[in-house]
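Please open the model in your viewer and keep the sequence beside it, so that each selection can be found in both places. The tour goes from one stop to the next, and at each stop you are told what to select and what is there.

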Amino acid sequence: SRADVVAVAQSLGRGLVVEPFLQSAVLAMRLMAACGRPANLAPLLAGEKRLAVAWADPPPDREPLRWQQTGGTILLNGCKTFVIQAIGVEQFIALCLAPHDFAAFLMDSNQPGLERTDYRLVDGSIASEFRFSDVVVPADARLDISLSNWEEAKAWADLTACGEMVGILGRLLNETAEYLRTRRQFGVAIGSFQALQHKMARMLIDYEKGQALLSRAAATGDENDWARDTVACKTFLSRTALGIAEGCTQLHGGMGITDELFVGHALKKLLVLRA
């Protein structure tokens, strides 16, 4: 259920756990379930296999992925970027997102004509860019997935990202409050300064709003309503989570950007989850 996914995501967020939960266990799993290929689900469910999903189109200076069918084969050309945790996967799902040309393909990562370039994201994780140069795949590589199937799977992924963000923010605020109680300046704890108390109160209010929106999206029964509520939650958290993380970093001072503390790592992770 959505509530179960959110509960797991919040726990992963609190620990900044580096696992392919969002990409493989949620996004790829929803896509494979929608296309009716149960044989592909068993190894994913058992954790024996993971799938990457190449869905993000590149900047305008590079061609997005496009396909054309000739006889019993399909020809792919173009580019996909921001493919998270693609290193080491044997297969991945590639999506052409143009509404008139939508298609999804299950592909081998060592396909001839496919080139992968890896790069680091701001949080230290690795994303990849795939370039397709006359990549030929059989017609049965195309998955029976519609644009609405993709939109639903993307909503599940956004909900998972929101869960991670709320988990991160909860720990951020707890650790910042503890720091304000123990850090002393001018002979008193800095948490006794009224300006810092007001800043913490504002951040806590925003956190509670985000948590309420997340609970609403996870609990809504109607299929249309939960997707709409997820959009509202993601929009709100994408704006406020960064402000909370920056505020917590500021309250920690120079210590907030050191590798020894959770705060700086959390800020970087939130930057990625917003995307």
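What follows is a walk through a predicted model, beginning with the whole chain and going on to single residues, rings and a pocket.

**The whole protein**

Begin with everything shown as a cartoon, where you can look for 7 helices and 10 strands. Along its principal axes, the box filled by the C-alpha atoms is roughly 80 × 40 × 35 Å. Of the 275 residues in the protein, 47% are buried. If you consider the contacts with a separation of 6 or more, 69% of them are between residues 24 or more positions apart.

**Two rings at an edge**

The search for aromatic pairs across the whole structure gives 5 of them. Select tryptophan 67 and phenylalanine 105, whose edge-to-face pair has 5.8 Å from centre to centre and 70° between the planes. This pair links distant parts of the chain, since tryptophan 67 belongs to strand 2 (residues 66-70) and phenylalanine 105 to strand 5 (residues 103-108), with their positions 38 residues apart. Are these two residues, tryptophan 67 and phenylalanine 105, buried or exposed? Both of them are buried.

**Two rings in a stack**

Now select phenylalanine 92 and phenylalanine 130, which form a stacked pair with centres 4.6 Å apart and planes at 10°. Because phenylalanine 92 is in strand 4 (residues 91-96) and phenylalanine 130 is in strand 7, the pair ties together parts that lie 38 residues apart in sequence. With a relative accessible area of 0%, phenylalanine 92 is buried, and phenylalanine 130 is buried as well, at 2%. Add Phe132 to the selection, and you have the one aromatic cluster that Phe92, Phe130 and Phe132 form.

**Serine 128 and its surroundings**

Stay in strand 7 (residues 126-138), where serine 128 has its place. Why does serine 128 count as buried? The reason is that its relative accessibility is 1%, and buried means under 20%. Show the residues that serine 128 contacts outside its neighbours within four places in sequence, and you will find Lys80, Thr81, Phe82, Val83 and Ala86, together with Arg116, Thr117, Asp118 and Tyr119.

**Two positive phi angles**

One of those contacts, Phe82, is worth selecting in its own right. Phenylalanine 82 is part of strand 3, and its phi is near 55°, which is a positive value in a residue other than glycine. Move along the chain to glutamine 85, in the loop between strand 3 and strand 4. Glutamine 85 is not a glycine either, yet it has a positive phi of about 55°. A relative accessible area of 23% makes glutamine 85 partly exposed.

**Charges over rings**

Next, select tryptophan 55 with lysine 154, and turn the view until you look onto the ring. Lysine 154 lies over the face of tryptophan 55, and the distance to the ring centre is 5.0 Å. A second place to look is phenylalanine 262, where arginine 171 lies over the face of the ring at 3.8 Å from its centre.

**The largest pocket**

Select Gln23, Ile84, Lys269, Val272 and Leu273, which are the residues nearest the centre of the largest pocket, among the 34 residues that line it. Two or more lining residues come from each of helix 2 (21-34), strand 3 (73-84), helix 4 (147-182) and helix 7 (262-274). Which element gives the most to this lining? The answer is helix 7, with 6 residues. The space in this pocket is about 690 Å³, and its lining is made up of 20 nonpolar, 4 polar and 10 charged residues.

**Two loops to finish**

Select proline 64, in the loop between strand 1 (52-54) and strand 2. If residues up to four places away in sequence are not counted, proline 64 touches Asp57, Pro58, Asn77, Gly78 and Cys79. For the last stop, select glycine 191, in the loop between strand 10 (188-189) and helix 5 (194-219). Glycine 191 is partly exposed, with a relative accessible area of 23%, and beyond its neighbours within four places in sequence it is in contact with Leu180 and Gln197. If you draw a distance from glycine 191 to methionine 32, 159 residues apart from it along the chain, their C-alpha atoms are separated by 50 Å.

Key: Residues are numbered from 1 along each chain as its sequence is written. This is a predicted model: local features need pLDDT of at least 70, side-chain atom pairs count only at pLDDT 80 or more; totals for chains, interfaces and linings use all residues. Side-chain values use heavy atoms; hydrogens and water are left out. On a 1 Å grid over the protein atoms alone, a cavity is a set of points where a 1.4 Å probe fits but cannot get out, and a pocket is an open set with protein on both sides within 12 Å along at least five of seven lines; lining residues have an atom within 4 Å of a point. Grid points are joined across faces, edges and corners, and a volume is the space filled by probe spheres set on the points. Helices (H or I, at least four residues) and strands (E, at least two) are DSSP runs, numbered from the N terminus. Ala, Val, Leu, Ile, Met, Phe, Trp, Tyr, Cys and Pro count as nonpolar, Asp, Glu, Lys and Arg as charged, and the others, Gly among them, as polar. Buried means under 20% relative accessible area, exposed over 50%, partly exposed in between (1.4 Å probe, protein chains only). Contact means heavy atoms within 4.5 Å. Rings of Phe, Tyr and Trp (its six-membered ring) pair if their centres lie within 6.5 Å; planes under 30 degrees apart count as stacked, over 60 as edge-to-face and the rest as tilted. A charge sits over a ring if NZ of Lys or CZ of Arg is within 6 Å of the ring centre and within 35 degrees of the ring normal.
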